[in-house]
Amino acid sequence: VDCRHWVQLLLAKSLRKCGLWEDAWQTLLAASREAVADHPEEARFQAAYGACLYQVLKLCILATEDATRQEGDGHLWLNRGATALAGLESRAVQRRAAGDASKAVVKDWQRQGRWFHRLQ
């Protein structure tokens, strides 16, 4: 993962911890688009894209939980979370189909499972 992507991930995490959900969302969205636009076939950009998807999923779950606690509407965040979950699943299936039976694929699926249960 490039330094630029690390900085974007850390910025999004800081925004998330401050409760600036939409700003964190926009930061992660921009980071994931950059990762895909740069060189999608390179492993470091694939790793950055996967990290962004995972952080988007976490953000969506936490934002939904916060909205629920405040008796707000968390449907927007649920929908965004479902999209991120589908992206992670697609990524893992593609990697496995390409012959990548590494621990990274298994770890992706484990992460998805933990957050999927919170999304439900």
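This tour moves through a predicted model, from the overall fold to its salt bridges, one buried serine and an internal cavity.

**The whole chain**

Begin with the protein chain in a cartoon representation. Five helices and zero strands are present, and the order of elements from the N terminus is α-α-α-α-α. Of the 120 residues in the chain, 39% are buried. Switching to a surface representation displays an accessible area of about 7,100 Å², with 56% of that area belonging to carbon and sulfur atoms. Where contacts link residues at least 6 apart in sequence, 61% of them join residues at least 24 apart.

**The salt bridges**

Next, display the side chains of the charged residues. How many salt bridges does the structure hold? There are three, and each can be visited in turn.

Select Glu34 and Arg4. Their side chains form a salt bridge with an N to O distance of 3.2 Å. Because Glu34 belongs to helix α2 (residues 21-38) and Arg4 to helix α1 (residues 3-17), this pair ties together parts that are 30 residues apart in sequence. Glu34 is partly exposed at 29% relative accessibility, and Arg4 is also partly exposed, at 40%.

Move along helix α2 to Glu22, and add Arg80 to the selection. The side chains of these two residues meet in a salt bridge of 3.1 Å, N to O. Glu22 lies in helix α2 and Arg80 in helix α4 (residues 75-97), so the bridge ties together parts that are 58 residues apart in sequence. Is each partner buried or partly exposed? Glu22 has a relative accessible area of 34% and is partly exposed; Arg80, at 15%, is buried.

For the remaining bridge, select Asp66 and Arg69. The closest N and O atoms of this pair are 3.6 Å apart. Both residues lie in helix α3 (residues 43-69), where a spacing of three residues separates them by about one helical turn. Asp66 counts as buried at 17% relative accessibility, whereas Arg69 is exposed at 60%.

**A buried serine in α2**

Return to helix α2 and select Ser32. With a relative accessible area of 11%, Ser32 is buried, since the cut-off for that class is under 20%. Which residues should be displayed beside it, leaving aside neighbours within four places in sequence? Ser32 is in contact with Tyr49 and Cys52.

**The cavity**

Finally, look inside the model. Rolling a probe the size of a water molecule over the atoms reveals where empty space remains. A search of the whole structure finds one cavity of 30 Å³ or more, and the largest cavity holds about 30 Å³ of space.

To see its walls, select Ala12, Lys13, Arg16, Ala24, Leu28, Gln55 and Leu59, which line the largest cavity. The elements giving two or more residues to this lining are α1, α2 and α3. Which of the elements supplies the largest share? Helix α1 does, with three residues.

Colouring the lining by residue class completes this view: four residues are nonpolar, one is polar and two are charged.

Key: Residues are numbered from 1 along each chain as its sequence is written. This is a predicted model: local features need pLDDT of at least 70, side-chain atom pairs count only at pLDDT 80 or more; totals for chains, interfaces and linings use all residues. Side-chain values use heavy atoms; hydrogens and water are left out. A salt bridge is a side-chain nitrogen of Lys or Arg within 4 Å of a carboxyl oxygen of Asp or Glu. Helices (H or I, at least four residues) and strands (E, at least two) are DSSP runs, numbered from the N terminus. Buried means under 20% relative accessible area, exposed over 50%, partly exposed in between (1.4 Å probe, protein chains only). On a 1 Å grid over the protein atoms alone, a cavity is a set of points where a 1.4 Å probe fits but cannot get out, and a pocket is an open set with protein on both sides within 12 Å along at least five of seven lines; lining residues have an atom within 4 Å of a point. Grid points are joined across faces, edges and corners, and a volume is the space filled by probe spheres set on the points. Ala, Val, Leu, Ile, Met, Phe, Trp, Tyr, Cys and Pro count as nonpolar, Asp, Glu, Lys and Arg as charged, and the others, Gly among them, as polar. Contact means heavy atoms within 4.5 Å. Accessible areas come from the Shrake-Rupley method with a 1.4 Å probe; for residues, only the protein chains shown count as cover.
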